[in-house]
Amino acid sequence: MMKKMLNMILAAFLLFGCGFTQSMQVHADDSLLNDITSDYAYVIDYDTNQVLAEKNADEKMYPASMTKIMTVLVAIENLPDLDQTIQITSAMLEGLTESNASVAGFQQGDQPTVLDLLYGSALPSGADASNALAFTVAGSVDNFVTMMNTKAQELGLNNTHFANATGLHDDDHYSTVKDIATLLHYGIQNSTFAQIFSTASYT
C-alpha cells in the first residue's frame with residue numbers, strides 16, 4: 001500500500017531522484033503531472049535540485065502509509081543487527097484490529113527478525129510490524145514517535161509531525177509531499193532502506 005501511494009504522489013520524483021538524470025536533460029514542465037491523480041505532487045531533479053513540477057507541495061496532508069518511510073528509517077538506524085529476533089507481544093498488536101489497520105500478519109509469540117519486520121512494515125504497510133519495531137527500538141510507541149519527530153526536525157521537515165508509527169489517522173499526524181520527498185531522498189542514501197524500498201516481494 002505504501003508503494004501504491006508513493007507511485008501516485010511521487011512517481012516522477014522516483015524517476016528523477018534515483019540517478020536517471022545523468023543521461024538526460026530535464027526542464028520544469030507541469031505536463032509531468034498529467035498522469036498523477038493525487039491532489040499533491042512534488043517532482044524534483046535531485047542532481048540539480050531543480051523543482052520540475054509541483055502541486056500543493058507545501059499543503060498539509062495526512063501521510064497515512066507513507067509514515068512507514070520514517071518508521072523504517074528510524075528502525076534501521078537504531079537496530080544494526082538485522083538478524084536479531086523479536087518476540088511479538090500483545091502490546092505490539094493492541095488496538096490494530098479495532099482500527100482496521102493494515103497488517104503483515106504477525107501473531108503474538110512469533111519471533112521474526114528485524115529484517116522481517118522492516119519488510120513487513122514497508123511492503124504490506126504492516127502496522128503490526130511497525131509497532132513491533134517501535135517497541136524494540138524505544139520501549140513504547142510514544143517514545144519511538146518522539147524519535148521520529150526528532151529525526152524530522154534534524155532533516156528540516158518543518159511541516160511534518162508524527163503521532164504514531166503506523167500512519168493511522170490523527171489530526172496531529174501530518175506532512176507535505178515536499179517533506180516526504182526530502183525524507184525519501186534521505187532514505188535512499190541508506191543501502192538497507194534502498195534495498196527494502198526497491199523490493200517487489202519478500203518471503
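**Questions about a predicted model**

Trainee: Leaving aside residues up to four places away in sequence, which residues does Val145 touch?

Mentor: This is a predicted model, and contact here means heavy atoms within 4.5 Å. Val145 has its place in helix 6. Not counting residues up to four places away in sequence, the residues that Val145 touches are Phe162, Ala163, Asn164 and Ala165.

Trainee: Does Val145 count as buried or exposed?

Mentor: The word depends on the relative accessible area, and a residue is called buried when that area is under 20%. The relative accessibility of Val145 is 7%, so this residue of the chain counts as buried.

Trainee: How far apart in space are Val145 and Thr71, C-alpha to C-alpha?

Mentor: Along the sequence, 74 residues separate Val145 from Thr71. Thr71 is among the residues of helix 2 that meet helix 6, and helix 6 is where Val145 is placed. In space, the C-alpha to C-alpha separation of Val145 and Thr71 is 8.6 Å.

Trainee: At roughly what angle do the axes of helix 2 and helix 6 cross?

Mentor: Two packed helices are described by the angle between their axes and by the distance between those axes. Helix 2 covers residues 67-78 and helix 6 covers residues 141-154, and their axes come within 10 Å of each other. The angle at which these two axes cross is roughly 100°.

Trainee: What word describes how helix 2 is set against helix 6?

Mentor: The axes of helix 2 and helix 6 cross at roughly 100°, and angles of 65 to 115 degrees fall in one class. The crossing of helix 2 and helix 6 is therefore described as roughly perpendicular.

Trainee: Which residues of helix 6 are met by residues of helix 2?

Mentor: From helix 2, the residues taking part are Thr67, Met70, Thr71, Val74, Ala75, Glu77 and Asn78. By class, the contact between the two helices has 7 nonpolar, 3 polar and 2 charged residues. On the side of helix 6, the residues that are met are Phe144, Met147, Met148, Lys151 and Ala152.

Trainee: What pattern of helices and strands does the protein chain follow along the sequence?

Mentor: The chain has 8 helices and 2 strands, and each of them takes one symbol when the chain is read from its start. Read along the sequence in this way, the pattern is α-β-β-α-α-α-α-α-α-α.

Trainee: What share of the contacts with a separation of 6 or more joins residues 24 or more positions apart?

Mentor: For the chain as a whole, buried residues make up 48% of its 203 residues. Turning to contacts with a separation of 6 or more, the share that comes from residues 24 or more positions apart is 64%.

Trainee: About how much space lies in the largest pocket?

Mentor: The lining of this pocket includes Ala91, Glu94, Phe135, Val141 and Asn164. By class, that lining has 5 nonpolar, 5 polar and 1 charged residues. The space that lies in the largest pocket is about 150 Å³.

Trainee: Near what value is the phi of Asn100?

Mentor: Most residues other than glycine have a negative phi. Asn100 is found in the loop between helix 3 and helix 4, and with a relative accessible area of 71% this residue is exposed. Its phi is positive although the residue is not glycine, and the value is near 55°.

Trainee: Where is Ala64, which has a positive phi near 50°, found in the chain?

Mentor: Ala64 has a relative accessible area of 26%, so Ala64 is partly exposed. As for its place, Ala64 is found in the loop between strand 2 and helix 2.

Trainee: Which residues does Asn56 touch, not counting those up to four places away in sequence?

Mentor: Asn56 lies in the loop between strand 2 and helix 2, and is partly exposed with a relative accessible area of 38%. Its C-alpha atom is separated by 6.7 Å from that of Ala41, 15 residues apart along the chain. With residues up to four places away left out, Asn56 touches Asp39, Tyr40 and Val177.

Trainee: What distance separates the C-alpha atoms of Thr203 and Asp116?

Mentor: Thr203 has its place in the segment after helix 8, and counts as exposed at 97% relative accessibility. Thr203 and Asp116 are 87 residues apart along the chain, and their C-alpha atoms are separated by 8.4 Å.

Definitions and conventions:
Residues numbered from 1 in each chain as written. Predicted model: local features only at pLDDT ≥ 70, side-chain atom pairs only at ≥ 80, totals over all residues. Heavy atoms only, no water. Axes fitted to C-alpha atoms, helices over the stretch in contact; angles between N-to-C directions. Helix = DSSP H or I, 4+ residues; strand = E, 2+ residues; numbered from the N terminus. Parallel < 35°, antiparallel > 145°, perpendicular 65-115°, else oblique. Nonpolar A, V, L, I, M, F, W, Y, C, P; charged D, E, K, R; others polar. 1 Å grid on protein atoms, 1.4 Å probe; cavity = no way out; pocket = protein on both sides within 12 Å on 5 of 7 lines; lining within 4 Å. Points joined across faces, edges and corners; volume = space filled by probe spheres on them. Buried < 20%, exposed > 50% of the residue type's maximum accessible area, 1.4 Å probe, protein only.
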